[in-house]
Amino acid sequence: MARPRSPSRDKAKQLWLESGKSRLLKDIAEELQVSEEQIRKWKNQDKWDKVTLPNANGNVTKYKGAQPGNQNASGHGAPKKNSNAEKHGLFRKYLPEETFSIIDEMPTDPLEIIWHEIQIQYAAIIRSQQIMYVRDQEDKTIEKVAEQDGKVIGEKWEVQQAWDKQANFLKAQSMVITSLKNSVKDYLELEGSSKAGAKEQAQDWKAAIIEIAKRRGEKKNGRTD
């Protein structure tokens, strides 16, 4: 038996369209008390972006571009720095809907962008502990990588010894931590720290991330002390 359709699904679409397709999905999610991921899923499944908005009269669709006979944009096109062509033209034409949806929801504040980057890199470090875990020196991986048929029959196998896997893990983790430190340094500089001060703080990246998270929490709660 199919699950009943959530009433919030249609309400979410209505709220988005009533805003002229400009309202952030996270705001709709907060109002309806559902996750932002669920709102994004409904948006993709129900193809909200393909709905044409009515004009002020409510029965005629909006005319895109200049009105007939209007010479204001003749020979000029959109103003330089106008992102409409990129956002709704080039991106929508070539990018998958899911990718476009992510771009559409990305923050514009540089601090927010770098903070997201820090979170993703930190999560990758933690997740790698499980994926690349080496049990002991006997923990080797044997995998068939090729097979031949015909006149010559044979197989090719790849063997990774425990020390090889551990070395690859340490190398990969070192690269991610270096990238994470750079992101922390960039964040601190944008906050106002000097380059030297930000670089020094970023060396103890765990402590720096904790302090950044603390400041962000206080700012969110309205505290400035």
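Start by selecting Asp-186 and Lys-185. The two form a salt bridge, with their closest N and O atoms 3.5 Å apart. Asp-186 is partly exposed because its relative accessible area is 33%, and the partly exposed range runs between 20% and 50%. Keep in mind throughout that this is a predicted model.

**Zoom out: the whole chain**

Show the full chain as a cartoon. Count nine helices and two strands. Follow the path from the N terminus and the order reads α-α-α-α-α-α-β-β-α-α-α.

Switch to a surface view. The accessible surface comes to about 17,100 Å². Carbon and sulfur atoms contribute 52% of that surface. Of the 225 residues, 21% count as buried.

How much of the contact set comes from residues 24 or more positions apart? Taking contacts with a separation of 6 or more, such residues account for 54%.

Now turn to the charged pairs. The structure holds 14 salt bridges, and the next stops visit some of them.

**Stop 1: Arg-9 and Asp-46**

Select Arg-9 and Asp-46 and show their side chains. They meet in a salt bridge of 2.8 Å, N to O. This pair links distant parts of the chain, 37 residues apart. Arg-9 sits in helix H1, residues 7-18. Asp-46 sits in the loop between helix H3 (36-45) and helix H4 (84-94).

Are these two residues buried or exposed? Both Arg-9 and Asp-46 are buried.

Add Arg-5 and Asp-10 to the selection. Together with Arg-9 and Asp-46, they are linked in a network of salt bridges.

**Stop 2: Glu-191 and Arg-215**

Move on to Glu-191 and Arg-215. Their salt bridge brings the closest N and O atoms to 2.7 Å apart. Here, too, the pair links distant parts of the chain. Glu-191 belongs to helix H7 (residues 162-191) and Arg-215 to helix H9 (residues 205-220), with the two positions 24 residues apart.

Color by accessibility. Glu-191 counts as partly exposed, at 35% relative accessibility. Arg-215 is partly exposed as well, at 32%.

**Stop 3: Leu-188**

Stay in helix H7 and pick Leu-188. Why does Leu-188 count as buried? Its relative accessible area is 2%, and buried means under 20%.

Show what surrounds Leu-188. Leaving out residues up to four places away in sequence, Leu-188 touches Ser-193, Ala-198, Gln-201, Ala-202, Ile-212 and Arg-215. Arg-215 is also the salt-bridge partner of Glu-191.

Try a distance next. The C-alpha atoms of Leu-188 and Ile-209 are separated by 9.9 Å. Along the chain, these residues are 21 positions apart.

**Stop 4: helix H9**

Select H9 from end to end. Its end C-alpha atoms are 22 Å apart, which agrees with the 22 Å that its 16 residues should span at 1.5 Å a residue.

Which residues of H9 are buried? They are Trp-205, Ala-208, Ile-209, Ile-212 and Glu-218. Display helices H6, H7 and H8 (195-203) alongside: the buried residues of H9 pack against these three.

Step just past H9 to Gly-222. This glycine takes a positive phi of about 90°.

**Stop 5: helix H6**

Select residues 110-131, which make up helix H6. The helix has 22 residues. From first C-alpha to last it reaches 31 Å, close to the 32 Å expected at 1.5 Å a residue.

Highlight the buried set: Leu-111, Ile-114, Trp-115, Ile-118, Gln-121, Ile-125 and Ser-128. These residues lie on the same side of H6 because they cover an arc of only 150° around the axis.

What do the buried residues of H6 pack against? Their partners are H7 and H9.

Rotate to the other side of H6. Ile-120, Arg-127, Gln-130 and Ile-131 are exposed there.

**Last stop: a nonpolar patch**

Select Ile-102, Ile-103 and Met-106. Together they make a nonpolar surface patch of about 250 Å². Ile-102 is found in helix H5, residues 97-105. This isoleucine counts as partly exposed, at 44% relative accessibility.

Terms used
Residues numbered from 1 in each chain as written. Predicted model: local features only at pLDDT ≥ 70, side-chain atom pairs only at ≥ 80, totals over all residues. Heavy atoms only, no water. Patch = residues over 30% accessible without salt bridge, like charges linked within 9 Å, V, L, I, M, F, W, Y side chains within 5 Å. Areas by Shrake-Rupley, 256 points an atom, 1.4 Å probe, with all protein chains shown as cover. Salt bridge = Lys/Arg side-chain N within 4 Å of Asp/Glu carboxyl O. Helix = DSSP H or I, 4+ residues; strand = E, 2+ residues; numbered from the N terminus. Buried < 20%, exposed > 50% of the residue type's maximum accessible area, 1.4 Å probe, protein only. Contact = heavy atoms within 4.5 Å. Expected span 1.5 Å × (residues − 1). Arc of directions from axis to C-beta.
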